[in-house]
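Biologist: Hi! I'm new to this one and would love a friendly tour. Could you pull it up so we can talk it through?

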Amino acid sequence: MPTAILGISAYYHDSAAAIIIDGEIVAAAHEERFSRIKHDSTFPANAIRYVLDDAGLEYGDLAAVSFYDKPYIKFERLLETYHAFAPLGLKSFLSAMPVWIKEKLFMKRMLKEKLSAFGDEKIPLLFPEHHLSHAASAFYPSPFNEAAILTIDGVGEWATTTIGLGKGNEISILSELHFPHSIGLLYSAFTYYAGFRVNSGEYKLMGLAPYGNPKSKQTAEFKEKIYNELVDVREDGSIILNMRYFSYATGLNMTNDKKWSKLFGIPPRSPESEITQDYMNMALAIQQITEEIVLKLASTVKELTRSDYLVMAGGVALNSVANGKLLRTGLFKDIWIQPAAGDAGGALGAAYLGWYLWQGKDRIVHGHRDKMKGAYLGPEFGEKEITPIIKKFNTNYEYIEDVQKLSHIAAQKIAEGNIVGWFQGRMEYGPRALGSRSILGDARNPDMQKKMNLKIKFREGFRPFAPSVLEEDIGKYFDLDRPSPYMLLVIPVNSNRLEPLPPDYHTLDLYKKLYHLRSDIPAVTHIDYSARIQSVNKETNPRYWTLINEFKKITGYGVIINTSFNVRGEPIVCTPEDAYRCFMRTEMDYLVMGNNLFPKSRQTQLVSDINWQEAFKLD
Amino acid sequence: MEFLKDLWSFLRTRRKMWLLPVILLLLVFGALIVATSGSAIAPFIYTLF
């Protein structure tokens with residue numbers, strides 16, 4: 001009888017479920033993809049149902065269910081924090097306690113009740129620590145037998161940063177940084193102050209940073225003020241935050257706005273208001289400081305572990321700019337980052353801990369490939385599921401049996417300047433679309449970034465797009481000598497492809513900077529001449545590889561734009577219906593779903609869907 | 001009963017017996033909330049809640 005372990009993350013943000021059988025990842029998915037509520041934090045009933053079905057198991061077949069943190073220790077942190085800051089924090093205390101007393105303190109009972117919907121059997125329930133779950137999600141599926149582990153996020157129970165060492169099936173935690181001193185929360189505080197949503201807009205702040213002027217006096221002053229007033233960064237990369245400037249330990253928002261306004265000379269930016277150069281410089285300052293902290297931490301990790309390899313997870317590990325810089329320091333021979341580095345990935349880590357820690361099974365690493373299966377761990381829909389959607393919406397489409405021909409047609413459409421929705425195979429686990437639920441465009445087209453941001457994604461115009469490049473062609477376009485399958489490394493575009501900056505570049509406003517032609521692949525060259533790369537492997541995703549290869553045959557370029565198949569505020573599409581609706585709501589020109597090609601010009605508008613924008617809260 | 005057992009084990013393992021009266025008081029407070037059917041909706045910031 002195979003041993004199956006179900007991992008769950010829930011009740012904070014990004015609920016998810018993952019299942020491993022005899023140490024192999026079988027399925028994993030975010031609850032938001034099913035519920036259609038972005039960052040859904042509720043019990044992941046849909047995701048659990050999916051992973052059990054995909055594994056062909058009943059609830060009673062499970063050896064254990066593993067929840068990704070320890071609620072009691074979290075509660076201990078809450079009480080001790082309120083105690084330490086009292087009488088400050090009374091309002092926050094009164095808001096938090098009812099939730100805990102009524103629900104979260106009884107997490108075990110609550111989980112059992114929710115799980116009873118899947119079966120009556122008594123299955124052991126495990127509660128590994130939050131950062132241990134992150135560490136497990138980074139180390140166990142990595143291609144290394146031994147590796148240093150670095151996890152950085154907002155906060156788990158107490159830990160906000162953890163350094164560890166993974167060896168065989170064992171993980172040893174060597175050092176921790178504790179709440180309220182948190183790199184993730186420092187970054188989130190600036191995310192909030194720049195007018196973006198906490199736990200959601202951090203990547204927007206990262207995307208905004210390159211618009212900051214690195215040579216300006218203001219950027220230098222911001223950095224100086226952050227270092228002098230907000231954060232004391234020690235040589236080993238640990239930090240001490242000056243809590244007089246932060247409200248998150250006692251209040252209901254991130255920062256003490258009065259003190260920040262006085263310190264930085266600018267008020268908190270209102271969401272959706274114009275982004276001025278001040279906020280771009282601020283974004284650059286905190287991005288640079290975050291990178292400096294991460295690099296110092298990495299040096300400490302190296303010193304403590306002497307390992308050649310590093311694995312990473314936690315929300316801050318999604319800071320692909322810092323990751324790219326860390327890789328380029330050469331401190332480690334190689335770095336592997338869990339594609340679901342945020343809390344959703346905790347579900348996978350928790351399941352792995354059930355197998356290796358609880359069951360004590362041996363871990364054997366074969367070859368150089370990781371065990372994530374390209375992060376294609378979600379549901380797949382074939383013609384059987386697509387056909388009813390074709391009928392339901394009375395669509396006009398063409399069925400093309402030959403995949404090569406279908407890919408050639410799609411590639412031709414992209415090369416002609418069309419935007420193509422690409423819905424194929426198993427859905428991705430983690431926040432990035434990697435060619436299963438993607439919107440694709442021509443990276444050579446200078447108008448594509450603007451068009452895709454404003455007419456397809458309905459999002460801020462400054463947001464950059466990432467390239468998908470044939471794995472064997474990475475070096476032709478980017479200064480990188482290894483694969484980057486999960487879009488977690490930002491790397492410079494090769495210098496021979498770049499156009500020089502105009503002399504007054506740093507004085508230009510955001511959009512003039514943005515629309516300056518930067519390279520021969522301008523749509524994926526960010527404003528600082530970098531790109532967040534996804535390399536596509538022929539074996540891991542043959543269909544997507546074939547499409548890009550066909551594009552290369554037509555244009556000579558083995559690289560295209562890849563952005564997630566959704567609009568702003570919407571989770572990435574999951575089902576054929578989600579995909580068709582999203583296609584019809586935007587100005588996408590074609591949809592390729594399975595072997596079916598849907599031209600927009602031949603579709604009838606969905607009358608029932610006119611008010612779709614009300615369904616998605618802006619993120 | 002299982003909750004009390006787990007709670008006791010937690011307090012002993014973590015050597016945090018001083019939390020016991022606080023938790024007991026909060027549980028009384030919680031019972032009042034349940035009795036009055038007040039809503040318990042988590043505030044926005046996840047870090048603490």
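Modeller: Happy to, and one thing to keep in mind from the start is that this is a predicted model.

Biologist: Good to know. Let's start with helix H12 of chain A: how many of its 10 residues are buried?

Modeller: Seven of the 10 residues in H12(A), which covers residues 320–329, are buried, so the helix is largely enclosed by the rest of the structure. The buried ones are Ser320(A), Val321(A), Ala322(A), Asn323(A), Gly324(A), Leu326(A) and Leu327(A).

Biologist: And what do those buried residues pack against?

Modeller: They pack against a mix of helices and strands of chain A. The helices are H8 (202–208) and H11 (277–305), and the strands are S11 (309–313), S12 (334–337), S17 (489–492) and S18 (530–536).

Biologist: Which residue follows H12(A)?

Modeller: That is Gly330(A), and its phi is positive, near 75 degrees.

Biologist: You mentioned S12 and S18. Where else do they turn up?

Modeller: They help line the second largest pocket, where S12, S18 and strand S3 (24–30) of chain A each supply at least two residues. S12(A) gives the largest share of that lining, with four residues.

Biologist: How much space lies in that second largest pocket, and which residues lie nearest its centre?

Modeller: The pocket holds about 750 Å³ of space. Its lining has 35 residues, and those nearest the centre are Trp336(A), Arg369(A), Asp370(A), Pro485(A) and Tyr486(A). By class, the lining is made up of 17 nonpolar, nine polar and nine charged residues.

Biologist: S3 came up there too. Which sheet is it in?

Modeller: S3 belongs to an open sheet of five strands in chain A, ordered S3-S2-S1-S4-S5, with mixed pairing. S3 and strand S5 (125–126) stand at the edges with a single partner strand each, so one side of each is left without a neighbour in the sheet.

Biologist: How does S3(A) pair with S2(A), parallel or antiparallel?

Modeller: Antiparallel: six bridges join S3(A) to strand S2(A), residues 16–21. As one example, Ile19(A) has Ala27(A) in S3(A) as its bridge partner.

Biologist: Changing topic, is strand S7 of chain A mostly enclosed or left open, and why?

Modeller: Eight of the nine residues of S7(A), residues 159–167, are buried, so the strand is largely enclosed by the rest of the structure.

Biologist: Which strands does S7(A) pair with?

Modeller: One is strand S6(A), residues 146–152, which runs antiparallel to S7(A) and is joined to it by seven bridges. Thr151(A) has Thr162(A) in S7(A) as its bridge partner, and a hairpin of six residues links the two strands. Another is strand S8(A), residues 170–178, which pairs with S7(A) in the antiparallel sense over eight bridges. There, Gly166(A) stands opposite Ile171(A) in S8(A).

Biologist: What sits between S7(A) and S8(A)?

Modeller: Two residues, in a hairpin, and Gly168(A) in that turn has a positive phi of about 60 degrees.

Biologist: Here's a residue I'm curious about: is Arg581(A) buried or exposed?

Modeller: Arg581(A) has a relative accessible area of 19%, and buried means under 20%, so this arginine counts as buried. Arg581(A) sits in helix H20(A), residues 576–585. Beyond its neighbours within four places in sequence, Arg581(A) is in contact with Lys392(A), Phe393(A), Leu606(A) and Asp609(A).

Biologist: Last one: what's chain B made of?

Modeller: Chain B has two helices and zero strands. Of its 49 residues, 37% count as buried. Chain B exposes about 3300 Å², and carbon and sulfur atoms supply 69% of that.

Conventions:
Residues are numbered from 1 along each chain as its sequence is written. Chains are lettered from A and ligands numbered from 1 in the order in which they are written. This is a predicted model: local features need pLDDT of at least 70, side-chain atom pairs count only at pLDDT 80 or more; totals for chains, interfaces and linings use all residues. Side-chain values use heavy atoms; hydrogens and water are left out. Buried means under 20% relative accessible area, exposed over 50%, partly exposed in between (1.4 Å probe, protein chains only). Contact means heavy atoms within 4.5 Å. Accessible areas come from the Shrake-Rupley method with a 1.4 Å probe; for residues, only the protein chains shown count as cover. On a 1 Å grid over the protein atoms alone, a cavity is a set of points where a 1.4 Å probe fits but cannot get out, and a pocket is an open set with protein on both sides within 12 Å along at least five of seven lines; lining residues have an atom within 4 Å of a point. Grid points are joined across faces, edges and corners, and a volume is the space filled by probe spheres set on the points. Ala, Val, Leu, Ile, Met, Phe, Trp, Tyr, Cys and Pro count as nonpolar, Asp, Glu, Lys and Arg as charged, and the others, Gly among them, as polar. Two strands pair if DSSP finds at least two bridges between them.
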